[in-house]
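Visitor: I would like a close look at a single part of this protein, taken slowly and with the terms explained along the way.

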Amino acid sequence: MWRLYVDPCNRRGLAALAAAYKTNKAEILKYGAEHVSDGVVLETDSGLISSANAIVSFILGADVLSPKLSAFLLWESTVLTPSLNRIGGSITGEVTDLLSELQWKLQSLEEETSELGRLAANLIVWADVSHLSSSIATLGCLGHIYNVVRSCDVEKHCLHALQDIPLKVQAQEADVKSQSSTSAQNMSQRKQSQNKVTKTNENLAHNDEDELRCLQVEVSTDQMLKAQWAFCSSAPPATFIHSNEGPILPLKKGKGVRNILVSSALPYVNNVPHLGNLIGSLLSANIFALYCQTAGYNVLSICGTDEYGTATEARAHSEGLTPQEITDKYHKLHCQVYDWFDIHFDYFGRTSTPIHTEITQEIFLDLYNNGFITEASVEQLFCEKCNRFLADRFVEGVCPLCKAEGARGDQCDTCSKLINAVELIKPQCIACRGSPTVRSSDHLFLDLPKLEEKVDVFFTKSLEDPNCKWTQVAQSIARTWLRDGLKKRCITRDLKWGVPVPLPDFKNKVFYVWFDAPIGYISITANYTKEWRQWWLQLEDVEPVEYFQFMAKDNVLFHSAIFPACLLGSNKKFTLVKHIIATEYLNYEGKKFSKSRGVGVFGNNAKDSGIESNIWRFYLAYIRPETQPPTFLLSRPLMFVMKFFNSTVPGMKNLQPDDVTFLARVNGILHAYINHMENCSLREGIRAVLGISRLGNGYLQAQKPWVLYKSSDTIQRAGVVTGVSCNIAALLGILLRPFMPTFADEIFEQCKLPSEHRSLAPMVANGGHIICLLPEGHVIGELWRRVELAVQLWRIGDRDTPPERSGSGIVQRCTGWGRRRV
């Protein structure tokens, strides 16, 4: 079940609450959203949503890609809400005009939007104006709005929501915003704020205690026996799949080891990567690949920069460089950013290589010879002044669908719809700002309708296979495109920078970047090893390759339908993607992160924040712990061993029922961690790590080994508790390694954990039971650095600490997952 975190003092969360009560799809928690502008955060399987409108639409299942609904939600959040907040609770002429426009938009939605879309819009409007209903009733011209509000007022789910965020809170909020501030009021507000912070801290402490109680579940005798047996038995050392000699290749059948191929959507090389790129694809892929290594699988992770296309040419033009110079420059910057973030792939390549050209042309010719390529004349925008056809990124204008300005010739960032450049309203050449004309040009098309049956079979098998992991985002987007029918797509462009088309009649054209970029996964592997076909072409004697692809939602169409269509159309047995792990967008000040438009927090900003890269990794994977910053059980037990037991792990033979019960509870969460990571639910994986840490802290607090050590009668008992706790600290290092590899290495060094014990494989094999990682007599290392993770996590996410103090002001405007967010 999803979790809905609500600030009971923020009326922006009212509609989301009502939607949650109506559907019963989310557990409602009245804390954790105090610092979120909309006062509400929805935690889903694929991430967080912190936009009230997006949450309402998501919970109700409304189609936010509907142009009418999307435009209405955008207007509501950018025009209606700010105006109502500014004006306050009084009905003036300005408010009447605004509400009249609202009524017209609502009536338009009645005719052109689905029932769920209308329900979402009505709930949002009800939340906006419910505190004005008595005034609206006196205005006969607003009868439709009044009926909407009255209708919602009597609904059970709305009444429940009003119990959590009463109308008097809304009225008080409006009154405060309508009054002019004075120094006396400011002083009073500061005092109230201080009282609120004190109360919040008290609530957080209670919440932490509540979470610990939830973790301390009842365990059966069988669970306790298994826990004691696994912990006290000698576990075989983990075997390592990879050596440092030679490339990583798939293992043959009969080895009993999974072959995992991991790729991230290739980051485009026209700017410094931003945090949206990292969490949407690269960091997620890196975390999962590290988990696979830790779990003992045979894994190859590859990635690289996507370097061809109009965006590169446009960037090169703006900086006065050649396309090759611009890609060399930004490829180097990308590598520097990823190195700093501790994001490492087995091979990180680029698409501007001869091998990439060779493989792309080979696949194209297979498609051409198999009858899946057609030719057609296309109307394009032509700039008379620049004397060239304008490819998508060389032209901007007004979106024909949502009427937003600044839409590019291939896609509108505001409504996320794909468009053709000739459809733009008031188009302009980005080089000279002239108005282009329309001319015809011959191009090649991928005949997707001929391939649709193959793609549909592939998609259906993927969804019906319980072992295939497609996130809901990926499933929804792919299903929508297949439902509407695949159309022919142009695969050539009038450019010079790209993979040349290997046909005489098209020698002056290059392939469209969306066609050649996915082939980059194959070509980058080929640049890594001459034996690349073992990964990409199915061989009889090789254990099947499980292919995981990580991306943001805007790449789903290409990876779920078009790229598989190209591989299927080649009639060769290419490895097809088995798992598509797609995320929503990360937003910055209400806008989608964008490299090309310079919107968002970029990798160099994070580096300059003074906060360690591994802390950023954890923060981005978790987005933000909305309650209390996590405190890991790491330094304390190791410090006890060093201080009281001469840095030597004491004996743990005399385990008591409390110890075994604790280990059994840890096993339950460890089992959940493995399941979450296997299913690429990375955020839930972090939640499991935090759960084990909380249990460990609770165990230490309850057993008090520092008190037990003071009496000769209980020194041995102190040793058992300390030894068990040290093993939990070592386990946390293993579990954290995918998220914080450098941090985990520091834990291993402090524990002096042998390399053969730095693996989760034995615990994956035994069903998720912790083994003894640090046995009696093991000598730990010097505690040369105490772990202050909670402090740094608070710095990176705290909105109330000034940037000059926290060093993290740059993330204060990252509002989480959303479009709209979402």
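Which helix is Met763 found in, and what does this residue touch?

Guide: This is a predicted model, in which local features need pLDDT of at least 70 and side-chain atom pairs count only at pLDDT 80 or more, while totals for chains, interfaces and linings use all residues. Residues are numbered from 1 along each chain as its sequence is written, and side-chain values use heavy atoms, with hydrogens and water left out.

Met763 is found in helix α30, residues 761-765, where helices (H or I, at least four residues) and strands (E, at least two) are DSSP runs numbered from the N terminus. Met763 has a relative accessible area of 0% and is therefore buried; buried means under 20% relative accessible area, exposed over 50% and partly exposed in between, with a 1.4 Å probe and protein chains only. Leaving aside residues up to four places away in sequence, Met763 touches Leu670, Ile674, Leu731, Ile734, Gly768, His769, Ile770, Ile771 and Leu773, a contact being heavy atoms within 4.5 Å. One of these, Ile674, is 89 residues from Met763 in sequence, yet the two C-alpha atoms are 9.1 Å apart in space.

Another of the residues touched by Met763 is Ile734, which also takes part in the contact between helix α28 and helix α29. The axes of α28 (residues 715-736) and α29 (residues 741-751) come within 8 Å and cross at roughly 155°, the axes being lines fitted to C-alpha atoms, for helices over the stretch in contact, with angles from 0 to 180 degrees between N-to-C directions. That makes α28 roughly antiparallel to α29, since angles under 35 degrees count as roughly parallel, over 145 as roughly antiparallel, 65 to 115 as roughly perpendicular and the rest as oblique. From α28 the contact draws on Ala729, Ala730, Gly733, Ile734 and Leu736, and from α29 on Phe743, Ala744, Ile747, Phe748 and Cys751. By class, this contact has nine nonpolar, one polar and no charged residues; Ala, Val, Leu, Ile, Met, Phe, Trp, Tyr, Cys and Pro count as nonpolar, Asp, Glu, Lys and Arg as charged, and the others, Gly among them, as polar.

Ile674, also touched by Met763, leads on to Tyr673, which lies in helix α25 (residues 657-678). Tyr673 is buried, with a relative accessible area of 0%, and Tyr291 is likewise buried at 0%.
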